[in-house]
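I set out these notebook entries on a structure that I have just opened. I begin with the contact between the chains and then turn to single residues and pairs.

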Amino acid sequence: MFDLEKSIHVWKKKLRTHEAFEDGMIADFEAHLRDTIDALKKEGFADEDAFREAAARMGAAESLASECGKVREYALDLRSPWRPARFMPALLGNYLKVALRKVRRQKGYSFINIGGLALGMACAMLILLWVLDELSYDRFHADAKSLFRIEQDQKGGSGKFHIDVTPFGMGPALKAEIPEIREATRYVRIGTPLVRQGEKIFFENGFAAVDPAFLRMFTFPTLQGDASTALAGPASVVLTEDVANKYFGADNPIGRTLILNDRYPVTVTAVLKNIPANSSLTFKALVSVEFMKKLGANLDDWQNNGIFTFVRLHEKSSLPAVKAKINRLVLDRHLAGLRGDEDNWKKIQADPQRLEQYHRYVAPDCLLMPIVDIHLFGFIGFNPSLQRIRTLSAFAAIGLFILLIACINFMNLATARSAGRAREIGLRKVVGARRRGIAGQFYGESVLAVGLAGLSAVALVGLLLPLFDSVAGKTVTIASLFGAKFLFGALAVTVLTGIVSGSYPALVLSAFQPIEVLKGRASDGARGDFLRKILVVIQFGLSILLLIGMAVAARQLEFMRAKKIGYDKDQLIYLPLRGETRKNYAALKERLLSDPKIQGVTGTAQQPTEIGSNSWEATWDRKDPDRRFLISCEFVDYDYPETMKIEMVAGRTFSREHATDATTAFLVNESVPKLMGLDAVSAVGRRFHFMDIDGIIVGVMKDFHYLSVHEAIDPLAVALSAGPQGWPVNYAVVRLKAGDIPGALAAVKSGWLAVNAQYPFDFRFFDQDFDQMFRADERTGIILKASAVLAIVIACLGLFGLASFMAEQKTREIGVRKVLGASAPGLVVLLSKEFAKWVLVANALAWPAAYFIMRGWLQQFAYRTNIAWWLFPAAGAGALLIAMMTVSFQALRAAQTDPVKALKYE
Amino acid sequence: MMSRTLMAASTRPIILAILSRGEDYGYNIIQKVKAFSNGTIDWTEGMIYPVLQRMEVDSLIISTWTMSADRRPRRYFRITDRGRAELSSELSGWRNVWKALTHFAEPEPAAK
């Protein structure tokens with residue numbers, strides 16, 4: 001039976017659910033409805049039909065509401081009055097209060113959360129500083145973009161050998177003949193001149209000779225003097241601030257004189273600011289390139305590559321076009337050289353094959369290296385050295401890893417805590433909060449916490465900076481923390497971290513249904529649990545990866561250190577001979593050998609730990625004329641293998657008893673006979689033409705490391721410096737008797753002073769050079785170690801928080817189990833099992849990744865250790881152990897709580 | 001049928017005109033308009049109440065709830081002075097529109 005009153009009541013109730021209608025309006029509608037129904041009934045409608053018709057004529061609730069809204073729209077944004085404002089400033093204060101209250105009330109949790117994040121961010125920021133510094137090299141020159149260094153690919157049988165040096169003649173020729181080249185300068189280190197100013201005498205190793213254009217091309221600001229004319233004369237010198245202070249103190253250095261090598265006076269014409277640390281050109285003083293003539297250099301030479309050539313191009317020059325022009329010019333010069341020998345030239349021209357071969361092999365391929373790339377990409381050798389850029393990207397990746405681990409912590413803890421906040425969200429929704437507002441609140445909270453962490457991180461970076469500088473070998477100052485790039489980077493890191501780590505709680509929690517929440521049924525459930533598991537797996541995977549990386553790097557370093565270098569480097573020193581002291585080498589040797597504390601003395605032309613000269617020109621009987629081989633060359637004094645204690649494989653060493661040794665004898669290392677297709681014994685006595693010496697191999701030395709241990713041992717041929725083609729002895733190598741090193745050193749010093757009274761005594765241990773070779777690797781090792789430890793610490797902080805949360809959630813379960821007789825160890829196992837599973841999964845993922853990454857890393861070493869299988873389980877077990885210790889601590893605490901308290905909980 | 005825009009524009013002046021003859025209530029206003037126009041002006045019935053409410057907020061009319069003879073509460077609306085002023089300005093506006101419309105709708109008189 002239709003009940004009219006009831007129907008009207010229901011109709012009214014439906015209107016009331018709509019926010020648009022107020023009671024007065026609904027009364028209006030009701031009166032109207034009743035009038036209409038009365039009228040319809042008079043027309044003969046039944047109650048039910050009259051009601052339906054009247055309601056239909058009134059219109060649908062929605063359209064009525066929108067009419068009501070229209071007439072009430074006073075607000076500028078046309079917002080209907082029953083809708084909450086998009087922005088409520090009053091709420092911001094509340095959000096902030098709630099966020100700060102959370103930080104205060106949950107001190108431990110906040111500490112873990114914000115502290116862990118701060119640690120991760122500090123690490124990321126330090127690495128950011130380092131990366132920025134590496135990328136800033138040579139960018140301070142105003143014209144950096146149009147500055148290039150000319151480099152060459154030399155072609156030969158064994159591949160392209162890349163060098164970054166050029167002959168003296170190239171720079172002026174390029175400037176004169178190629179219109180795109182605006183300026184060119186040569187840059188050559190002039191060794192270690194003895195510098196005298198009155199009473200002050202020092203060996204200086206930072207003098208370079210350049211063309212006058214140098215100071216126009218590069219931006220090295222002058223403090224005194226005029227840069228444009230400073231290097232005009234051959235006897236001028238430009239000092240940097242420190243060197244000027246060293247020799248002249250507070251006096252004005254301009255116009256004053258320095259004496260180089262006791263022979264050449266030079267006048268100070270300008271003082272430059274000290275060269276910035278991020279310059280790949282590091283000199284202390286500049287002289288004109290003309291000065292090199294005095295030292296015997298031929299400035300028009302096209303034969304020997306030994307100096308740098310820099311050019312500045314006109315803007316908008318096409319690089320390939322310039323490169324082609326340079327190559328044509330270089331080829332022309334080489335051909336012109338050949339044309340000098342007319343007969344030979346005719347022969348070459350007549351034979352297209354030889355001409356082609358000539359083009360292919362003899363003329364090098366010149367390249368333009370942007371000056372801003374020199375620091376990261378510069379290299380010499382057959383293969384581009386990617387070590388710097390690789391290290392840079394590796395550390396950038398490590399920084400990101402650690403930041404990621406810290407972010408994951410943050411997210412994990414935030415989501416884990418979310419259940420505790422469900423009620424707050426429910427209540428906020430009941431009093432009118434919308435999803436967007438709640439998401440905004442969570443994002444805001446997360447950005448606030450990350451902001452706090454960011455501030456702590458910046459403070460931490462400030463504290464750690466000196467340590468960082470000493471480990472990384474940088475001079476990053478506190479001032480760089482306030483550079484625009486770093487601030488922007490830090491801000492970006494902060495906001496990004498805030499958004500990433502706030503996303504999960506913001507998006508999931510804001511979707512909670514208030515009714516469910518207030519009934520106590522809401523949780524992020526299985527989804528959140530699963531996400532947390534994945535995040536823990538990622539976290540531990542990354543930590544294990546870093547652990548394995550650290551172990552492999554340490555083993556590689558150990559491996560290289562322990563590697564036999566082929567000679568006995570202990571008790572071995574070398575003395576650089578400079579200026580006049582070269583002439584006194586023979587006298588020095590004789591004097592030193594007369595002392596019983598000294599076991600042996602020999603001499604070398606190049607620094608004995610770094611024999612860098614090489615040549616393609618070696619020939620021997622039955623050598624394939626189409627193939628060329630790069631062989632390192634060195635000139636030494638008698639007693640070379642004996643003093644260095646290099647083992648002989650075949651033949652004999654240099655001997656004064658063989659008169660021809662001085663002019664024809666070669667000692668080679670084992671790699672040379674291999675190149676010749678012979679064994680060591682049969683190589684002895686063979687003809688060998690090299691370094692303009694038509695000689696004979698008299699002995700074969702066991703391979704030894706004459707360059708960095710990182711590099712493979714290339715073929716080496718050694719001749720006596722006493723011969724007509726020989727280079728002078730520049731280094732005296734002295735073997736001290738073991739036992740009394742200070743006494744032996746004193747003997748060397750007194751011997752030196754007896755012969756070279758006016759020259760300072762200077763020496764180096766081979767060990768020192770050897771240690772230096774490992775500095776970069778040690779740096780890598782230390783940073784890897786620090787980051788692996790940090791990663792583990794941060795990951796464990798997170799795990800600790802997560803475990804305490806889980807224990808809290810299971811308080812009642814633990815209570816019930818205890819009441820029923822569970823033991824504390826049993827409970828610990830119960831709580832830890834779950835985490836152990838995740839860490840094991842992390843292992844499974846991290847192992848193959850670590851294997852491939854570290855295998856790639858080891859490729860850069862010529863001599864490398866293997867990746868031991870046991871490293872993987874060891875790293876995994878280590879991570880598991882640390883994780884279990886963290887979790888067990890919490891689990892134990894939970895297991896020891898009084899079950900009565902646990903059951904009363906809630 | 002009238003266009004929606006014309007209907008919307010004319011609602012307030014018509015209500016003012018009806019109330020200028022004396023106080024009245026929503027249902028009756030609608031019935032009067034419907035009867036006079038033979039159903040050509042057909043307002044959605046609920047729509048009038050928000051309009052009346054807005055006019056009251058704008059002080060063009062005032063309302064009082066009165067118990068009617070059949071013991072049902074009704075809200076009666078009365079025009080205010082401000083409402084009368086608004087009505088006369090609306091009237092002259094509508095007359096001008098009407099004048100222009102009819103003038104231009106006629107064919108143009110032939111030039112002499």
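How many residues of chain B are in contact with chain A, and how many of chain A with chain B? I worked on a predicted model, and there I found 20 residues of chain B in contact with 24 residues of chain A.

**Entry: the interface**

I looked up the area next. About 1,900 Å² is buried between chain B and chain A, and carbon and sulfur atoms give 55% of that area. On the side of chain B, I noted that B:Y27, B:Y49 and B:R72 lose the most area to chain A. Together these three residues account for 31% of what that side buries.

I then turned to charged and polar pairs. The rule finds four salt bridges across the interface of chain B and chain A. I looked up the pair of A:D35 and B:R74, which form a salt bridge with their closest N and O atoms 2.5 Å apart. For polar contacts, I recorded eight residue pairs between chain B and chain A, counted with both residues at pLDDT 80 or more.

Which elements of chain B give two or more residues to the side that touches chain A? I listed α2 (26–36), α3 (48–57) and β3 (73–79) of chain B. α3(B) gives the most to that side, with six residues. By residue class, the side of chain B that touches chain A divides into 10 nonpolar, four polar and six charged residues.

**Entry: A:H705**

Where does A:H705 lie? I placed A:H705 in the loop between β22 (693–701) and β23 (716–720) of chain A. Is A:H705 buried or exposed? A:H705 has a relative accessible area of 4%, and because the cut-off for buried is under 20%, I entered A:H705 as buried.

I also looked up what surrounds this residue. Neighbours within four places in sequence left aside, A:H705 is in contact with A:K563, A:K564, A:I565, A:Y567, A:E711, A:I713 and A:Y863.

**Entry: salt bridges over all chains**

I recorded 40 salt bridges in the structure over all chains. As a general note, side chains of opposite charge can pair when their charged atoms come close. I looked up three of the pairs in turn.

The first entry concerns A:R52 and A:E48, whose side chains meet in a salt bridge at 2.7 Å, N to O. How many residues apart are A:R52 and A:E48 in their helix? They are four residues apart in helix α3 (residues 47–58) of chain A, so about one helical turn separates them. A:E48 is partly exposed, with a relative accessible area of 33%.

The next pair is A:E183 and A:R216, whose salt bridge I noted at 3.0 Å, N to O. A:E183 lies in strand β3 (residues 181–189) of chain A and A:R216 in helix α8 (residues 214–217) of chain A, so this pair ties together parts that are 33 residues apart in sequence. I entered A:E183 as buried, at 8% relative accessibility, whereas A:R216 counts as partly exposed at 42%.

In chain B, I looked up B:R78 and B:E23, whose side chains meet in a salt bridge at 3.9 Å, N to O. B:R78 belongs to strand β3 of chain B and B:E23 to the loop between α1 (4–20) and β1 (24–25) of chain B, so the pair ties together parts that are 55 residues apart in sequence. B:R78 is partly exposed, with a relative accessible area of 39%, and B:E23 is partly exposed, with 43%.

I also noted a network: A:E5, A:K12, A:E30 and A:R34 are joined by salt bridges that share partners.

**Entry: the chains as wholes**

For chain B, I counted four helices and three strands. In what order do the elements of chain B run from the N terminus on? I wrote down α-β-α-α-β-β-α. Chain B has 112 residues, of which 36% count as buried. Among contacts in chain B with a separation of 6 or more, 50% are between residues 24 or more positions apart. I entered an accessible surface of about 7,300 Å² for chain B, with 57% belonging to carbon and sulfur atoms.

For chain A, I recorded 31 helices and 25 strands. Of the 906 residues in chain A, 49% are buried. Residues 24 or more positions apart make up 78% of the contacts in chain A with a separation of 6 or more. The accessible surface of chain A comes to about 42,800 Å², and carbon and sulfur atoms hold 58% of it.

Conventions: Residues are numbered from 1 along each chain as its sequence is written. Chains are lettered from A and ligands numbered from 1 in the order in which they are written. This is a predicted model: local features need pLDDT of at least 70, side-chain atom pairs count only at pLDDT 80 or more; totals for chains, interfaces and linings use all residues. Side-chain values use heavy atoms; hydrogens and water are left out. Contact means heavy atoms within 4.5 Å. Buried area is the accessible area (1.4 Å probe) that two parts lose on being put together, summed over both. A polar contact is a pair of N or O atoms within 3.5 Å; within protein, one must be able to donate a hydrogen and the other to accept it, and residues adjacent in sequence count only if both atoms are side-chain atoms. Ala, Val, Leu, Ile, Met, Phe, Trp, Tyr, Cys and Pro count as nonpolar, Asp, Glu, Lys and Arg as charged, and the others, Gly among them, as polar. Buried means under 20% relative accessible area, exposed over 50%, partly exposed in between (1.4 Å probe, protein chains only). Accessible areas come from the Shrake-Rupley method with a 1.4 Å probe; for residues, only the protein chains shown count as cover.
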